[in-house]
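Dear colleague,

I am handing over the structure we discussed, with the sequence alongside. My notes on what was found in it follow below.

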Amino acid sequence: MGKAAAGAAEVFRNAFKDLYAQAGRPKQIGLIALVRQKRPDLTLKAQTLNGWVTGHSLPSQWVITEILITHLQSVAEAIGSCRPEGQPNWKAMYDGAQEELRLTRQLRPDARKRGASVLVLDNETHPAAALLDDGRQPALGPLGRSHLNEMLSAAGFGEAVDRWTIPRLQTLSVRSLSADPALIELLRSSVDDFIITLKTASFVQELIPQAVTTKLMREALRLPGVLPDEAVLALRTLNDHLEWIALHTPGSTLGLRRRLARFVLKLYVGVDPGMDLDYKPLRCWARDIDALAEVNDAIEDVRDQADGRAVLIVSLHGSVAGDWPESVLAWFVFDGSADTPRVLRCEPTRSAMEAAIHDHLDWADMLADGAGVRLSRVEVAIPTGLLLRWRPEEAAVSGRMIVAYDVVTRWGDRMKTNTRNARNRLRSLRTSEPLSWVDWLSRQRTTDLKEVRRMTVAGRLNRAVALDFHPTGGEELLRTLLNDSPILLWPDADMVVSDAACRIVEACWPEVPLWLADAYRARLAGDYSDLAGWRAVWDDDTWLDLCRRFAGNSEDPTAEG
C-alpha cells in the first residue's frame with residue numbers, strides 16, 4: 001500500500017518548519033521578543049514556539065503566526081534561500097489545518113465508540129492505579145503540565161489533568177496510531193522524559209535537599225557559551241529546572257539522561273566539592289532512570305574538572321595613581337584556602353603587567369594539575385584608577401583570557417581599606433530576600449559626592465549598587481561607592497541603558513559574574529547582548545577575607561627582602 005497523503009495539519013506544520021530552516025533557524029528568544037514588540041498584549045512561550053518550529057505542534061493563534069511568517073519570509077528572502085513568488089497561501093493553509101483539527105476533535109467521541117485508536121488512562125489495569133490520587137506523590141510543575149496537556153488536547157484526549165504523578169504518567173497508554181503519528185511519537189517520548197524528571201526530582205529532594213537553591217540550580221543549568229534568556233531566568237523550583245531541561249534537550253531520551261546526570265552531579269558537588277562520588281543512592285537513582293553509564297561519565301567529568309575548587313586571584317593593587325602597577329601579586333586558592341602570595345615585579349606598562357598575569361596563570365595551572373583539578377576561574381583585583389581603562393577578560397595572554405577562564409573583577413583598593421562595612425553588606429545581601437537586589441543610581445543622584453557619602457554613611461544604600469550611566473572620569477565616585485559596597489555595576493560608554501538591560505541584571509542574580517563571563521565570551525564571537533554591556537566589581541567572602549588578612553599584616557609582600 002502506498003503512503004497515506006498528509007493531512008492539512010501535517011502539511012502546515014512541515015511548511016512552517018521548512019520556512020524556519022530557510023530563514024537560517026534564527027534564535028527563538030529573538031522571535032519571542034519580536035512578537036512581544038509587535039503585540040505586547042500577547043504571550044508566546046518558549047516551549048510553545050519550539051514545538052512550532054520543530055513541526056511537533058500546530059500554531060494556535062493566527063495573529064502570532066502571521067507575525068512570525070512575515071518575519072521568517074523576509075529573512076529567508078534576504079539570504080536568498082527562497083523567493084517571494086514561491087511562498088504558499090499561508091492563511092488558507094492555516095485555516096485548513098485548524099478546520100481539520102476541529103473536525104478531528106468533534107469526531108473523537110464517535111471514534112471512541114467504534115473502538116478506534118485513542119489515548120486513555122488505563123487506571124483499572126495498572127498496578128499503581130491506587131496511587132493516582134495520593135496527594136503525596138511528586139507531580140509535574142507548571143512547565144511540564146502545560147506542555148503535556150497541550151499535546152494531549154491536540155491528540156483529542158479531552159480535559160486537562162491537574163496533577164501528573166509518576167503512576168498517572170505510567171498508566172497513560174497509547175493504543176494504535178489513529179492520531180497524527182508524529183504527535184503520538186512525541187507524546188510517547190515526552191511521557192518517558194517526564195517520568196525521568198520526576199524520579200530525578202524525588203532523588204534530589206530526598207537525598208540532597210540542601211542543593212535546591214537558586215544559585216546552585218542556575219550554575220548546574222549553565223552551559224558554556226549559552227546566554228540566559230528570560231525563560232531560564234524565570235525558573236524557580238527544582239521541577240521548573242528539570243522540566244526545562246526535558247523540554248530543551250534535543251534528540252532522544254539518551255540526551256536527556258546525559259544532561260540530567262550532569263545537572264545532578266553539579267548540584268551534588270556544589271553542596272560540598274569533597275562529597276563521596278561513589279554514594280550508593282546516586283547509583284541507585286542512575287539505575288532507576290537507566291542512566292548508569294551517563295552518571296558514571298558525569299562522575300568522571302567532575303573528577304577531571306573539579307570546577308570551582310581551584311581559583312587564581314591576581315591583584316594589581318600596587319598601581320599608583322591609576323598607572324600600571326610595578327608588581328603583580330597572585331594567590332592560588334584551593335577549596336577556599338589561599339597560601340602565601342606569589343609576587344612578580346614588572347615594568348609599569350600594560351604589556352608588562354599582562355605578561356606577569358600570564359606567568360601567574362602558568363604557575364596556577366601547574367598547581368591545579370598537581371592537585372588533579374582544573375583551573376576554571378581567574379579573579380583580577382583592579383585598583384580604582386584602572387577600572388575604567390582596562391578590561392581583564394580581554395588581557396592578551398596567549399589569546400584572550402576570557403576564552404579559557406571565567407574572569408571576575410574584584411576591587412584592588414580593598415587591600416587598603418577597612419572591610420567591615422563591605423562584609424556586613426555582603427552578609428545582608430546573602431541572608432535577606434529584598435524586592436530588589438540593587439540600589440540604582442542615576443547621574444543626577446551622584447553629581448554631589450558629599451551627598452553620595454551621606455547616603456552610604458546613613459545606610460540608604462544597603463544593597464548592591466548600580467549606575468545607570470557610564471561614569472566617565474568618575475574614579476572618585478567609584479571609590480566612594482566601593483568603600484562600603486562589595487558589588488558595583490555600571491554600563492559601557494557606548495551602551496544604551498534600557499529598562500530591559502537593567503532587568504536582566506537583577507534576573508541573573510546572584511550568578512551575575514558567571515553570566516557576565518558567558519556574555520563577554522559571546523561578544524568576542526560576535527554575539528552581542530545587553531548583559532555584555534555591563535561592567536561589575538564583585539567582591540566575595542574569599543577576597544574580603546584576604547584583604548582583611550593583608551591589612552592586618554605589617555609586612556608588605558611586595559616590599560624588597
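The salt bridges in this predicted model come to a count of 25. One of them pairs R523 with E393, the closest N and O atoms being 3.5 Å apart. The two partners belong to distant parts of the chain, 130 residues apart: R523 is in helix α22 (residues 512–524), whereas E393 is in the loop between α16 (384–387) and α17 (401–404). Both R523 and E393 are buried.

Helix α19 (residues 449–457) offers another case, as E451 and R454 both lie in this helix. These two residues form a salt bridge in which the closest N and O atoms are 3.0 Å apart. They are three residues apart, about one turn of the helix. With a relative accessibility of 23%, E451 counts as partly exposed. R454, at 46%, also counts as partly exposed.

A further salt bridge brings together the side chains of R453 and E476, at 3.6 Å from N to O. R453 lies in helix α19 and E476 in helix α20 (residues 475–482), so this pair ties together parts that are 23 residues apart in sequence. R453 has a relative accessibility of 37% and is classed as partly exposed. E476 is likewise partly exposed, at 36%. Elsewhere, salt bridges with shared partners join R391, E393, E394, D492, R523 and R535 into one network. The buried pair R523 and E393 therefore belongs to this network, and the background to such contacts is simple: side chains of opposite charge can pair when their charged atoms come close.The next topic is internal space. Three cavities of 30 Å³ or more were found. The largest cavity holds about 100 Å³ of space. Its lining consists of P392, E393, V407, V408, T409, P513, L516, Y520, R535, A536 and W538. At least two residues of this lining come from each of β8 (406–411), α22 and β12 (534–538). Two residues connect this topic with the preceding one: E393 and R535 line the largest cavity, and E393 and R535 also take part in the salt-bridge network.

Turning to the aromatic residues, the count of aromatic pairs comes to seven. W62 and Y94 form a tilted pair, with 5.1 Å from centre to centre and 45° between the planes. This pair links distant parts of the chain, 32 residues apart, with W62 in helix α4 (residues 62–78) and Y94 in helix α5 (residues 90–113). Y94 has a relative accessible area of 5% and is buried. W62 and Y94 are also members of one aromatic cluster, together with F12, F16 and W90.

Charged side chains were examined against the aromatic rings as well. The charged end of K91 sits over the ring of W62, at 5.6 Å from the ring centre. W62 is thus placed in the aromatic pair with Y94, in the cluster and under the charged end of K91. In another part of the list, R389 lies over the face of W324, 5.0 Å from the centre of the ring.

As to the cysteines, a search of the whole structure finds zero disulfides. C284 is partly exposed, with a relative accessible area of 37%. C508, by contrast, counts as buried, at 0% relative accessibility.

One residue deserves a separate note on its backbone. D290 has a positive phi of about 60° although D290 is not a glycine. This residue lies in the loop between α13 (280–288) and α14 (292–305). D290 counts as exposed, with a relative accessibility of 56%. D290 and I196 are 94 residues apart in sequence, yet the distance between them in space is 9.1 Å, C-alpha to C-alpha.

To recapitulate the points to look at when you open the model: the buried salt bridge partners R523 and E393, the lining of the largest cavity, which includes E393 and R535, the aromatic cluster that contains W62 and Y94, and the positive phi of D290.

With kind regards

How values were computed
Residues are numbered from 1 along each chain as its sequence is written. This is a predicted model: local features need pLDDT of at least 70, side-chain atom pairs count only at pLDDT 80 or more; totals for chains, interfaces and linings use all residues. Side-chain values use heavy atoms; hydrogens and water are left out. Rings of Phe, Tyr and Trp (its six-membered ring) pair if their centres lie within 6.5 Å; planes under 30 degrees apart count as stacked, over 60 as edge-to-face and the rest as tilted. Helices (H or I, at least four residues) and strands (E, at least two) are DSSP runs, numbered from the N terminus. Buried means under 20% relative accessible area, exposed over 50%, partly exposed in between (1.4 Å probe, protein chains only). A charge sits over a ring if NZ of Lys or CZ of Arg is within 6 Å of the ring centre and within 35 degrees of the ring normal. A salt bridge is a side-chain nitrogen of Lys or Arg within 4 Å of a carboxyl oxygen of Asp or Glu. A disulfide is a pair of cysteine sulfur atoms within 2.5 Å. On a 1 Å grid over the protein atoms alone, a cavity is a set of points where a 1.4 Å probe fits but cannot get out, and a pocket is an open set with protein on both sides within 12 Å along at least five of seven lines; lining residues have an atom within 4 Å of a point. Grid points are joined across faces, edges and corners, and a volume is the space filled by probe spheres set on the points.
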